[in-house]
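Student: I have a model open and would like to talk it through with you. Could we start with the overall fold?

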Amino acid sequence: MADEGLVENFHEHTATRRHFAEPIVFWDETLRDGEQTPGVHFSPEEKLRIAEVLSEMGISVINAGIPVVSEEEAEAVRRVAAAGLAADILAAARTVPADIDAVIRSGATHIAIFVAASNVHLKFKLKMSQDQVLSAATRSVRQAKDAGLHVAFVTEDTVRAPFDFVEKLYLAVKAEGADRLVVADTVGIMTPLTFAWYLREFLRRIGPADWSVHCHNDFGMATANTLTALELGATSPHVCVNGLGERAGNTPLEELALSLERLYGVRTGLDLSRLYELSRLVEEISGVPVSPTKAVVGYNAFSHEAGIHTHGILAHTLTYEPVQPEIVGRQRRMILGKHTGKAALVEKLKERGMDLPDPVLVDLLQRLKATTEQRSKEDLELFLVEYRSLFEQPGMSDKEFWKLVREMGL
Ligand code: MN
């Protein structure tokens, strides 16, 4: 990050305490957890299109979905698995023989077998005892290993489960041959320091392993928590393009990749220059708009309006930009508005070869500010009404649902 000694980089001072795995195996969940974003549905063609770009960019593992969910889902996984992509194609399964059979039939080479671990999940959702979970888990790992699959074992809600049970469960599946162990912060309640403590304790209890984390963004800490895990040697971070996923979503691929490369100097092997293109593709296919202020891929992430900022940027981009937009395939935008200053105006006029004397510039600037301040917000309000109505009830509307019920004669 430091260019020509212009800025200090304190990441370098603590770098010795970090132990990044080499290589870091990016595990993309856009087609599975990302598709579980309320209202989102990907067709097999759409899944394939996204998977192709992910693979071309250098993503190592792509979770294509859960084949047992539906015939269409099974078809999607089959198509992604048969596409001959460079990435390893993974499909997910519960600890149920039929689920694992469906993955075996899909042609995926990797499987993620998941089962819940916390007491609240066991008691109210699975209605299973810890012993029942343990035997289902080991039986399932054995079934998948016997079929020659690369097996990742995931517990839902790992970090809210009794540690002794987590230890027993993971040691058991490890002994059964599970290749990768995934710790999931399913409801996003971890913070970086707590997670660091948790993961060190997890590693102390289970011993050497290829391990991975699945973080959620309920408190806005998915990226920070995933970075914490990587600093401690996690092999395989779960990510979703645009941070899609259940509720507030998962760790955004673009945030994690750029942080590793530009803050820590870690080589991810990913083609960062395609991050923006990928983001727009997923935005278009998912129908979930990216927030303007979203890091890396938000519309405003490389826009400047304030006079002081544009003046600084025009002199040296390091003043107000931590990275150059071109790195992620974007361009800087200078916005003319009420906060514009003279320097930005001079720069703008250069586009037409215009060089105006100072008094004219001052006059133009005053008119520009007055115009933007007086501008009607009507268009924006109409847009927001439409936008909110789309997202107040994503998925099937009540009207559609009750029509479906009536059509069935219920
Ligand atoms: Mn999840």
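Student: What share of contacts between residues at least 6 apart in sequence join residues at least 24 apart?

Tutor: Happy to help! This is a predicted model, where local features need pLDDT of at least 70 and side-chain atom pairs pLDDT 80 or more, while totals for chains, interfaces and linings use all residues. Residues are numbered from 1 along each chain as its sequence is written, and side-chain values use heavy atoms, leaving out hydrogens and water. With contact meaning heavy atoms within 4.5 Å, the share in the protein is 70%.

Student: Which residues coordinate the manganese ion?

Tutor: Donors are N, O and S atoms within 2.8 Å of the metal (3.2 Å for Na, K and Ca), and water is not among the atoms, so the site may look incomplete. Along the chain, the donors follow the spacing D-x180-H-x1-H. At 2.0 to 2.2 Å, the coordinating residues are D33 (OD), H214 (NE2) and H216 (NE2).

Student: Is H110 buried or exposed?

Tutor: Buried means under 20% relative accessible area, exposed over 50%, and partly exposed in between (1.4 Å probe, protein chains only). Leaving aside neighbours within four places in sequence, H110 is in contact with residues including D88, V103 and H150. Because its relative accessibility is 9%, H110 counts as buried.

Student: How much of the whole protein is buried?

Tutor: Two examples from the metal site are H214 and H216, both buried. Across the 410 residues in the protein, the buried share is 47%.
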